[in-house]
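Let's take a walk through this one together. Have the structure open and turn it as we go.

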Amino acid sequence: PLYTTKGDANNASDRQGVLNNQIVGKVVLNIPFLGYAVNFVKKPIGFLLIIIVPAGMIILDEVKKIYNEIKKKKNKDE
């Protein structure tokens, strides 16, 4: 069989076809709709929700832990 290929960023098919013996590799995992999530993260609001908000929550949790430890030590010293 001869396969017709086309890149993601163009509308036209490639000039040369690909023969079966020219194919290298195989599909081992397919995650439907993952491209939509990746595209969402590329936008500012997506980046904010997926990266910045969880990172901020982790930082806030660590600051609370440090504050509580300082408070414990202060109460212990009194």
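Start with Lys72 and Glu69: both sit in helix 2, three residues apart, or about one turn of the helix. Their side chains meet in a salt bridge, at 3.7 Å from N to O. Lys72 counts as exposed, since its relative accessibility is 54%. Keep in mind that this is a predicted model, so distances like these are computed from predicted atoms.

How many salt bridges turn up in the whole structure? A search finds three. Besides the Lys72 and Glu69 pair, there is one between Asp61 and Lys65, whose closest N and O atoms are 3.5 Å apart. Asp61 and Lys65 are four residues apart in helix 2, so about one helical turn separates them. Lys65 also pairs with Glu62, at 3.7 Å from N to O, and those two are three residues apart in helix 2, again about one turn. As a general point, side chains of opposite charge can pair when their charged atoms come close.

Back to Lys72 and Glu69 for a moment, with their 3.7 Å salt bridge. Elsewhere, shared partners join Asp61, Glu62 and Lys65 into one network. What about exposure in that network? Asp61 is partly exposed at 35% relative accessibility, Glu62 is partly exposed at 38%, and Lys65 is partly exposed at 45%.

Now slide along to the start of helix 2, which covers residues 44-77, and look at how helix 1 (residues 34-42) meets it. The two axes come within 5 Å and cross at roughly 100°. That angle makes helix 1 roughly perpendicular to helix 2. On the helix 1 side, the residues involved are Phe40, Val41 and Lys42, and they meet Pro44, Ile45, Gly46, Phe47, Leu49 and Ile50 in helix 2.

Val41 is a handy one to follow here. This helix 1 residue touches Gly46, Phe47 and Ile50, leaving aside residues up to four places away in sequence. Its C-alpha atom is 8.4 Å from that of Ile51, ten residues apart along the chain. Is Val41 buried or exposed? Neither, quite: at 27% relative accessibility, Val41 counts as partly exposed.

Some of those residues come back in a nonpolar surface patch. The patch is made of Phe40, Ile45, Phe47, Leu48, Leu49, Ile50, Ile51, Ile52, Val53 and Met57, with about 880 Å² of accessible area together. Helix 2 gives the largest share, nine residues. One of the patch members is Val53, which lies in helix 2 and is partly exposed, with a relative accessible area of 36%. A residue needs over 30% to join a patch.

Just ahead of helix 1, stop at Phe33, in the loop between strand 2 and helix 1. Most residues other than glycine have a negative phi. Phe33 has a positive value, near 65°. At 64% relative accessibility, Phe33 counts as exposed.

Finish with Thr5, in the loop between strand 1 (2-3) and strand 2 (18-19). Which residues does Thr5 touch, not counting those up to four places away in sequence? The contacts are Ser13, Asp14 and Val18. Thr5 and Gly17 are twelve residues apart in sequence, with their C-alpha atoms 6.8 Å apart in space. Thr5 counts as partly exposed, because its relative accessibility is 29%.

How values were computed: Residues numbered from 1 in each chain as written. Predicted model: local features only at pLDDT ≥ 70, side-chain atom pairs only at ≥ 80, totals over all residues. Heavy atoms only, no water. Patch = residues over 30% accessible without salt bridge, like charges linked within 9 Å, V, L, I, M, F, W, Y side chains within 5 Å. Areas by Shrake-Rupley, 256 points an atom, 1.4 Å probe, with all protein chains shown as cover. Salt bridge = Lys/Arg side-chain N within 4 Å of Asp/Glu carboxyl O. Buried < 20%, exposed > 50% of the residue type's maximum accessible area, 1.4 Å probe, protein only. Axes fitted to C-alpha atoms, helices over the stretch in contact; angles between N-to-C directions. Parallel < 35°, antiparallel > 145°, perpendicular 65-115°, else oblique. Contact = heavy atoms within 4.5 Å.
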